[in-house]
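Work through the exercises below with the sequence and the model open beside you. Each task is followed by a solution in steps.

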Amino acid sequence: MEKEDLTGKVVVAMSGGVDSSVAALLLSEAGFDCVGVSMQVWDYRNHGGCSNRATCCAPSDFADARSVANDIGIPYYVFDFEEKFHDKVIARFLDTYAGGETPNPCVDCNNDVKFRELRNRAVTLGCRSVATGHYVKLESRPDGFHVFRGKDDKKDQSYFLYGLKQDELSKTLFPLGELSKVEVREIAKAAGIKTADKPESQDICFVSGTIDDFVGERLGTRRKPGAFRLKDGQKVGEHDGIHRFTVGQRKGLGLSGYDAPLYVLEIDPVKGDVYVGYKSELEVPGFEVRELNWVHPALVGGGPAEEMLVHVQVRHKHRGVPAKVFVRDGVANVSFVDEWTSPAPGQAAVFYDPENRELLGGGRIVGKSGRPQSLKLFEAA
Amino acid sequence: MKRYYLDANATYEILPAVKESLVALLDGPRSFSYLNGSSIHAEGQKVRALIDAARADLYRYVRLREADFQIVFTSGATEGNNTALLVPFEMSSAKDSLKPEYAGHVISTSVEHSSVEEGLQRLERAGVEVTRVRPGSDDIISPDAVLRELRPETKLVSMIWANNETGVIHPIPEIFRAIQRASPNCILHTDAVQALSKLELDLSSFPFDFLTIAPHKFGALPGIGISIVNKRLPLKPLAVGGAQELKWRPGTENVVGIVSIQAALAELSKLITRYREVITPLRAEFEERVLAHYPTIEVIGKDAPRLPNTVMMRLPGILTEDLVVALDLAGVSCSRGSACSSGKQLGSHVIGGMNYPKEAGREVLRLSFPANFQESDLETVLERLFQCFERFGLRTKASHSDTIPASVH
């Protein structure tokens with residue numbers, strides 16, 4: 001049998017939104033042999049969710065994607081990823097909340113479902129590459145592949161992609177990296193794509209109500225109510241579950257009568273205690289990051305052994321602050337340089353170059369020395 | 001890239017003769033502009049004549065007498081199967097409740113099409129007891145196994161004649177004759193969708209009360225079906241609202257569909273002959289080649305009587321959801337089982353209903369050759385199939401003997 005030529009064959013992940021629609025259009029126009037694929041990761045009909053508010057995986061999203069694929073003239077399929085998604089994303093999402101930390105399901109989904117699972121499928125479909133509508137720039141240079149924030153700062157999604165490996169990058173296409181959202185919508189409109197004006201998807205795709213309700217309903221006996229306490233242990237109130245709180249959170253505590261707003265400082269998942277205090281008490285000199293992956297070709301493998309100046313981003317909507325980082329025993333030690341921000345355990349910390357453009361790598365924020373978070377603050381204090 | 005259509009059990013190509021008949025119906029000097037066959041006026045009478053002629057052709061084809069059986073045009077075999085299950089219990093498809101006087105027992109099989117299986121589930125929710133007979137080790141439903149389940153209160157027996165996924169043919173005439181001898185009032189229904197479109201059948205040789213047909217399986221349009229109903233039963237239809245089809249199926253008849261049936265019916269004997277004479281040996285060659293190359297593949301129901309065109313393969317360890325897509329991209333159209341379950345990938349309940357482990361339902365691939373498949377295309381189909389199999393890591397005979405040298409044995 002002859003060896004197949006797969007160079008131009010690409011699986012395009014299509015959600016039914018405008019970004020992935022335009023990604024498919026651009027690749028198709030550039031001469032790639034595209035196969036549109038939607039990933040059914042969550043069946044709203046089985047989970048009592050309100051499909052009107054669903055941000056993807058609603059039957060209407062697949063209908064949109066199918067219609068766009070048909071207009072572009074590419075084949076289109078829906079793949080059932082529900083089991084994988086449940087195991088790799090939802091279970092971990094709930095576990096992380098149950099453990100008093102704040103999960104980042106989009107990172108898990110990109111790492112373990114979109115790029116890993118979808119790539120496996122791509123291979124069996126005879127496709128070489130996977131393309132998505134992420135606003136991320138990818139450059140091939142002699143030393144390897146480099147990932148940069150997308151041109152549109154407001155839409156940049158590189159934060160979610162720090163888990164990609166070099167060999168994966170060599171088989172990945174991000175056609176929207178050089179475009180702004182406005183330009184993407186214009187391209188869609190000019191091409192008569194029906195999703196051109198479709199609203200942005202928001203928040204977490206599988207949660208149609210509030211995250212509190214979604215998690216609360218599913219934790220069952222793992223739900224951990226407890227007390228609000230000040231740093232000295234004094235009880236100042238009660239709450240119905242630690243899953244409702246994230247370190248650094250101010251809103252929704254329901255604690256009044258203090259001369260300045262109170263913030264969540266620490267969460268003790270064993271006792272169910274949520275420690276609160278003033279903003280100044282949140283300040284930490286730095287934090288640790290585990291489960292690391294380094295994207296930049298010069299850092300692939302171990303990351304920087306010596307202290308290196310970077311920008312570190314600790315939330316999706318965060319723009320990053322200058323920091324120094326070095327890696328020892330598989331743990332990245334991060335120290336802030338002149339600004340600080342409050343890192344929430346469980347969330348991703350993603351490193352960029354000092355200009356804050358190129359993605360270097362990232363991992364998960366843990367409490368200092370990996371010990372339970374509740375001990376850390378008091379030792380530091 | 002030339003495409004090869006191997007999904008005849010899902011739907012057949014609309015026959016050229018059907019297209020011509022439809023063009024003549026809607027365009028040209030003798031075309032129709034009004035299609036309500038119940039109207040008294042001249043336009044209506046012309047349409048009535050069309051419907052009557054098509055129905056008369058059907059009676060001739062199935063060799064049944066109008067005095068004994070009513071041929072009813074429906075929206076399709078799903079409606080026909082639903083009706084056959086629910087009407088004996090005076091249930092509508094819209095509700096789950098059952099009047100106590102209609103309670104009873106139903107015998108069916110574990111290998112029904114979902115339009116029967118889900119009807120059975122609805123009956124169960126309403127309190128009807130359902131026994132699903134499983135195929136024996138020979139993959140077929142035996143008359144004895146059915147008789148063993150028969151009770152005085154068994155009201156209905158509903159069994160698929162030839163399975164849509166595996167092609168396995170069950171001995172329906174024998175089973176129904178045995179049931180009728182033992183329990184003359186028991187209502188007998190068979191889903192004959194696949195059997196009638198691929199086999200020469202003698203419907204007058206055995207007793208039945210409902211028989212369901214889907215003419216798009218032999219080249220007519222989809223969206224129209226045929227139910228043959230025994231007039232011995234004083235049964236009421238599901239829908240009300242008109243006297244069409246002797247009140248069996250109220251509603252203005254789908255004349256476009258009926259005309260397409262008449263045209264396709266005229267070709268059906270030719271199709272069936274070709275299945276028997278050309279496709280049967282072609283399938284044998286196909287299976288031999290596949291099994292010789294890939295020893296781990298298993299053909300479901302290989303030794304049972306089967307439709308001449310159907311090959312249901314089990315590829316152990318391979319989730320065939322993607323394989324169907326890969327084959328589509330390679331220009332080979334096939335499916336994993338019933339087309340109706342292709343949206344959500346749960347795997348085949350039919351395989352689960354046979355003597356295979358549950359996971360086997362997700363490891364199957366169904367090829368169903370159309371009667372007009374060209375023998376000269378077999379090589380290309382095999383080549384594309386093997387190329388995809390290779391990509392999925394299926395072990396070939398060659399790789400097999402690489403790891404276990406022949407001299408060891």
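**Exercise 1. A four-stranded sheet in chain A**

Task: In which sense do strand 10 of chain A and strand 11 of chain A pair, and over how many bridges? Then place both in their sheet.

Solution.
Step 1. Strand 10 and strand 11 (residues 273-277) of chain A are paired in the antiparallel sense, over five bridges. This is a predicted model.
Step 2. To fix the register, start from A:Tyr263, whose bridge partner in strand 11 of chain A is A:Gly277.
Step 3. The open sheet of chain A consists of four strands in the order 9-8-11-10, and its pairing is mixed.
Step 4. Strand 9 and strand 10 (263-268) of chain A are the edge strands, each pairing on one side only.
Step 5. On average, and with direction ignored, neighbouring strands of this sheet are turned by 25 degrees against each other.

**Exercise 2. The hairpin in chain A**

Task: How many residues lie between strand 8 of chain A and strand 9 of chain A in their hairpin, and which turn residue has a positive phi?

Solution.
Step 1. Strand 8 (residues 226-229) and strand 9 (residues 235-239) of chain A run antiparallel and are joined by four bridges.
Step 2. One of the pairs is A:Phe228 with A:Gly237, the latter in strand 9 of chain A.
Step 3. Five residues separate the two strands of the hairpin, and A:Gly233 in the turn has a positive phi of about 100 degrees.

**Exercise 3. Two helices in chain A**

Task: Why does the packing of helix 4 of chain A against helix 8 of chain A count as roughly perpendicular? Describe the residues involved.

Solution.
Step 1. Helix 4 (residues 82-98) and helix 8 (residues 211-219) of chain A pack at an angle of about 90 degrees, and their axes are 10 Å apart.
Step 2. Angles of 65 to 115 degrees count as roughly perpendicular, so helix 4 of chain A is roughly perpendicular to helix 8 of chain A.
Step 3. Helix 4 of chain A contributes A:Phe93, A:Leu94, A:Tyr97 and A:Ala98, while helix 8 of chain A contributes A:Ile211, A:Phe214, A:Val215, A:Arg218 and A:Leu219.
Step 4. Sorted by type, the residues of this contact are eight nonpolar, no polar and one charged.

**Exercise 4. A three-stranded sheet in chain B**

Task: Which strands of chain B stand at the edges of the sheet 9-10-12, and which helix lies across the sheet's strands?

Solution.
Step 1. The three strands form an open sheet with antiparallel pairing.
Step 2. Strand 9 (298-299) and strand 12 (364-368) of chain B each have a single partner strand, so they stand at the edges with one side left without a neighbour in the sheet.
Step 3. Strand 10 (residues 310-314) of chain B is joined to strand 12 of chain B by five bridges; within this pair, B:Thr310 is the bridge partner of B:Ser368.
Step 4. Helix 8 (residues 255-293) of chain B lies across strand 9, strand 10 and strand 12 of chain B, at about 15 degrees to strand 10 of chain B.

**Exercise 5. The domains of chain B**

Task: What area is buried between domain 1 of chain B and domain 2 of chain B?

Solution.
Step 1. The domain assignment gives domain 1 as 4-9 + 268-391 and domain 2 as 16-265 of chain B.
Step 2. Their C-alpha centres lie 27 Å apart, and the contact takes 31 residues from domain 1 and 33 residues from domain 2 of chain B.
Step 3. The buried area is about 2600 Å², with 55% given by carbon and sulfur atoms.

Methods:
Residues are numbered from 1 along each chain as its sequence is written. Chains are lettered from A and ligands numbered from 1 in the order in which they are written. This is a predicted model: local features need pLDDT of at least 70, side-chain atom pairs count only at pLDDT 80 or more; totals for chains, interfaces and linings use all residues. Side-chain values use heavy atoms; hydrogens and water are left out. Axes are lines fitted to C-alpha atoms, for helices over the stretch in contact, and angles run from 0 to 180 degrees between N-to-C directions. Angles under 35 degrees count as roughly parallel, over 145 as roughly antiparallel, 65 to 115 as roughly perpendicular and the rest as oblique. Contact means heavy atoms within 4.5 Å. Ala, Val, Leu, Ile, Met, Phe, Trp, Tyr, Cys and Pro count as nonpolar, Asp, Glu, Lys and Arg as charged, and the others, Gly among them, as polar. Two strands pair if DSSP finds at least two bridges between them. Domain bounds come from an automatic or database domain assignment. Buried area is the accessible area (1.4 Å probe) that two parts lose on being put together, summed over both.
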